[in-house]
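Open the model in your viewer and keep the selection panel at hand. The stops below say what to select next and what is there.

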Amino acid sequence: MANPNLQDIIEKQVLTVAKAVEDKIDEEIAALDRLDLDDIEALRERRLQQMKKMAEKRSRWISLGHGEYTEIPSEKDFFSVVKASDRVVCHFYRDNWPCKVMDKHMSILAKQHIETRFVKIHAEKSPFLAEKLKIVVLPTLALIKNTKVDDYVVGFDELGGTDEFNTEDLEERLAKAQVIFFEGESSQNSSKSSAQTRSVRQSESHDSSDSD
């Protein structure tokens, strides 16, 4: 048979815990009670404004061609595309297998990341741009933020050195450069690595990519 004193101690401890839980619940109820109708309405209005702002951004992005992977027909159009969108990923390509592989992944990411414009331009038909941006290896992605080329993905070296890389590999690389966000516009961490601006194109990528 249990010691009566021990039984009393256990009962008191159970009551103490129950009282603490009850007090905590009472505090939470009181906090909710203190939120009057005006507070609730203000929170609701703020949320609605946030949703409206995001919807307006999405609408603007779509009107600019975001959500689809498209080709820039000429060099002069490149500048208007870059000026219109805050974030652009531009694929400098030629008609070869590695560039077709890149096309496939770019097309997928364009639909997933509406916050960024995904485009391609034929490098051999854009000699001025290719020289200005020092495009040598194809495919090369120019990662453009606020009208400036901030970084490059050259060939497949950073994607495992193979044309069998996953779309997620490219997505991770673009997110690292902050030219896409995993949660749309919500990620505003703009810490910019000084080493990334006009990033080094020290790639000696000859495997699985083509020299221009």
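Start with the largest nonpolar core of this predicted model. It has 23 residues. Select F78, C90, F92, L133 and I144, the residues with the most contacts inside this core. Then colour the elements that give it two or more residues: α3 (75-84), β2 (87-93), β3 (117-122), α5 (127-132), β4 (137-138), β5 (140-145) and β6 (148-154). Of these, β2 gives the most, with four residues. A second, separate core has 20 residues, and V153, L159, L174 and A177 are among them.

Stay with I144 from the first core. What does I144 touch beyond its neighbours within four places in sequence? Its contacts are F78, V82, D86, R87, V88, C90, V149, D150 and V179. Two of the names in that list, F78 and C90, also appear among the residues with the most contacts inside the largest core.

**The sheet**

Next, show the strands as a cartoon. Five of them form an open sheet, in the order β1-β3-β2-β5-β6, and the pairing is mixed. Why do β1 (69-71) and β6 each have one side without a neighbour in the sheet? Both strands stand at the edges with a single partner strand each, so nothing in the sheet flanks the other side. On average, neighbouring strands are turned by 25 degrees against each other, direction ignored.

Select α4 along with the sheet. This helix packs on the sheet and touches β1, β2, β3 and β5. The direction of α4 makes about 160 degrees with that of β2.

**Strand β5 and its two partners**

Now isolate β5. Six of its six residues are buried. In a regular strand the side chains alternate between the two faces of the sheet. Turn on the side chains of β5 to follow this: T140, A142 and I144 point one way, L141, L143 and K145 point the other way, and all are buried.

On one side, add β2. The pairing of β2 with β5 is antiparallel and runs over six bridges. To find the register, select C90, which stands opposite A142 in β5.

Then add β6, which pairs with β5 in the antiparallel sense, also over six bridges. Three pairs let you walk along this ladder. T140 stands opposite V154 in β6, L143 has D151 as its bridge partner, and K145 is bridged to K148. The hairpin of β5 and β6 has two residues between the strands. There, select N146, which takes a positive phi near 50 degrees. Although β6 is an edge strand, it is mostly covered, with six of its seven residues buried.

**R173 behind the strands**

Select R173 next, in helix α6. Is R173 buried or exposed? Its relative accessibility is 9%, under the 20% cut-off, so R173 counts as buried. Show what surrounds R173: leaving out residues up to four places away in sequence, it touches L143, D151, Y152, V153, E158 and L159. L143 and D151 in this list are the bridge partners from the hairpin of β5 and β6.

**Where α4 meets α6**

Keep α6 (residues 167-176) selected and bring back α4 (residues 97-112). Two packed helices are described by the angle between their axes and the distance between the axes. Here the axes come within 10 Å and cross at roughly 65 degrees. The crossing of α4 and α6 is right-handed.

Which residues make this contact? From α4, select M102, H105, I108, L109 and Q112. From α6, select T167, L170, E171 and L174. The residues of this contact divide into five nonpolar, three polar and one charged. L174 is also in the second core.

**The whole chain**

Finally, zoom out to the protein chain, which has six helices and seven strands. Read along the sequence, their pattern is α-α-β-α-β-α-β-α-β-β-β-α-β. Of the 212 residues, 38% count as buried. Among contacts between residues at least 6 apart in sequence, 74% join residues at least 24 apart.

Methods:
Residues numbered from 1 in each chain as written. Predicted model: local features only at pLDDT ≥ 70, side-chain atom pairs only at ≥ 80, totals over all residues. Heavy atoms only, no water. Axes fitted to C-alpha atoms, helices over the stretch in contact; angles between N-to-C directions. Left-handed = near helix turned anticlockwise from the far one by under 90°. Contact = heavy atoms within 4.5 Å. Nonpolar A, V, L, I, M, F, W, Y, C, P; charged D, E, K, R; others polar. Core = buried A, V, L, I, M, F, W, Y, C linked by side-chain atoms within 4.5 Å. Buried < 20%, exposed > 50% of the residue type's maximum accessible area, 1.4 Å probe, protein only. Pairing = 2+ DSSP bridges.
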